[in-house]
2 protein chains.
Amino acid sequence: MKEIKKRSVCPVSSSLDIWGDKWSLLIVRDLMYAKQCTYGDFLKSDEKIATNILAARLLTLESSGIISKNEHPESKAKVLYQLTEKGINLLPVLIEIYLWGEKYFTLSDYHIEFLKKVKEDKQQFINNLTQKLRKEILNT
Amino acid sequence: MKEIKKRSVCPVSSSLDIWGDKWSLLIVRDLMYAKQCTYGDFLKSDEKIATNILAARLLTLESSGIISKNEHPESKAKVLYQLTEKGINLLPVLIEIYLWGEKYFTLSDYHIEFLKKVKEDKQQFINNLTQKLRKEILNT
DNA sequence: TAAATTCACTTGCAAAAAGCAAGTGGTTAA
DNA sequence: TTAACCACTTGCTTTTTGCAAGTGAATTTA
């Protein structure tokens with residue numbers, strides 16, 4: 001776990017020191033959906049991250065203990081990226097960003113449905129997804 | 001309200017397009033405490049933002065409707081920066097970042113006390129602070 | 001089994017953004 | 001009326017981002 005230089009002792013500032021950029025939380029988002037787990041899958045996301053930036057972010061996230069690199073069950077050529085407990089714990093942050101975004105942006109039907117489920121019982125939704133993601137770690 | 005180029009229709013990505021950097025949320029944080037409201041006050045924060053970067057971020061946040069520039073009651077030389085309703089609504093995001101940071105960083109006594117209050121009743125804390133910040137807007 | 005393809009990156013370079021220090025032009029206090 | 005304060009701006013260097021092409025190991029295809 002590489003040490004990142006902290007600008008201050010504020011937990012917000014220290015958090016942003018690690019993942020306060022335009023890409024890191026999108027990687028976490030992709031892992032949260034748990035459909036995309038390989039390097040190539042991240043590249044396929046709608047935002048079109050550049051490959052060298054992706055490599056750099058994956059390194060930072062890994063050395064900060066937010067994601068882990070694992071063997072892919074299908075092939076030795078592939079790498080399986082997964083959230084760690086520390087990464088899973090970013091879920092509430094991500095959910096609140098979704099809910100803020102819901103207020104100020106036009107959403108796709110997909111996101112409308114997603115956020116409907118979230119809002120039915122936010123805490124329950126977070127708990128369920130957290131449990132699901134934890135189980136995926138154990139099965140590796 | 002200047003339009004910022006969106007990388008995709010994802011609300012997380014669109015949110016990060018506006019304030020996904022190392023500084024924007026620290027400005028929001030300072031305004032949330034409602035003690036720091038002038039340009040000079042932002043410069044005094046522990047993280048030591050560069051003055052040109054501060055100017056740029058304030059412009060973006062203003063043109064995105066997250067903060068507003070107002071007359072300072074004390075002097076014409078000063079400018080009063082305030083959160084708008086859109087900015088106040090970032091409070092839940094900020095609180096979840098605090099709570100994540102609490103898990104993984106060493107906190108100052110100040111932040112320990114702050115987060116103790118937050119955790120006693122998170123929703124109540126957010127509601128109260130939201131109301132308080134809204135009142136401050138009205139009194140301007 | 002050799003060649004083509006897939007996969008996870010790396011490298012090189014141009015453009016953009018961040019960071020630093022000094023400067024500017026109104027406002028206010030002495 | 002002069003000095004200090006305030007909110008920026010400007011110029012310059014360093015760092016980061018973004019794009020395109022390349023690399024080498026693993027895997028599929030002919």
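Here are three short exercises, with worked solutions, on a predicted model of two protein chains and a DNA strand.

**Exercise 1. Work out how chain A and chain B are related in space.**

Step 1. Start with the general idea: two copies of a chain are related by a rotation about an axis and a shift along it.

Step 2. Now put in the values. A turn of 180 degrees, with a shift of 0.0 Å along the axis, lays chain A on chain B with an RMSD of 0.0 Å.

Step 3. Name the relation: this is what a two-fold axis does.

Step 4. Find the axis on the model. In chain A, the residue closest to the rotation axis is A:D21, whose C-alpha sits 2.2 Å away.

Step 5. Check the contact surface. Both copies use the same one, as 100% of the contact residues of chain A recur in chain B.

**Exercise 2. Describe how helix α1 of chain A packs with helix α6 of chain B.**

Step 1. Pick out the two helices: α1(A) covers residues 11-19 and α6(B) covers residues 91-104.

Step 2. Look at the geometry. Their axes are 8 Å apart and meet at an angle of about 85 degrees.

Step 3. Classify the angle. Values of 65 to 115 degrees count as roughly perpendicular, so α1(A) and α6(B) are roughly perpendicular to each other.

Step 4. List who touches whom. α1(A) brings A:P11, A:V12, A:S15, A:I18 and A:W19, while α6(B) brings B:L94, B:I97, B:Y98, B:W100, B:G101 and B:E102.

Step 5. Sort the contact residues by class: 8 are nonpolar, 2 polar and 1 charged.

**Exercise 3. Find out which parts of the protein surround DNA strand C, and which part of the strand they meet.**

Step 1. Collect the neighbours. There are 18 residues around DNA strand C, and A:Y81, B:W23, B:N52, B:R57 and B:K76 come nearest.

Step 2. Split them by class: 7 nonpolar, 7 polar and 4 charged.

Step 3. Turn to the strand. Of its atoms within 4 Å of the protein, 60% belong to sugar or phosphate, and the rest belong to bases.

Step 4. Go through some phosphate contacts. A polar side-chain atom of B:W23 is 2.9 Å from a phosphate oxygen of DNA strand C, and one of A:K69 is 3.1 Å from a phosphate oxygen. B:K76 uses a backbone N or O atom instead, 2.5 Å from a phosphate oxygen.

Step 5. Map the surface onto elements. Two or more residues each come from α3 (39-44), α4 (51-63) and β2 (79-83) of chain A and from α4 (51-63) of chain B. The top contributor is α4(B), with 4 residues.

Methods:
Residues numbered from 1 in each chain as written. Chains lettered and ligands numbered in written order. Predicted model: local features only at pLDDT ≥ 70, side-chain atom pairs only at ≥ 80, totals over all residues. Heavy atoms only, no water. Near = heavy atom within 4 Å. Polar contact = N/O pair within 3.5 Å; in protein donor to acceptor, adjacent residues only side chain to side chain. Nonpolar A, V, L, I, M, F, W, Y, C, P; charged D, E, K, R; others polar. Least-squares fit on C-alpha atoms with pLDDT ≥ 70 in both. Contact = heavy atoms within 4.5 Å. Axes fitted to C-alpha atoms, helices over the stretch in contact; angles between N-to-C directions. Parallel < 35°, antiparallel > 145°, perpendicular 65-115°, else oblique.
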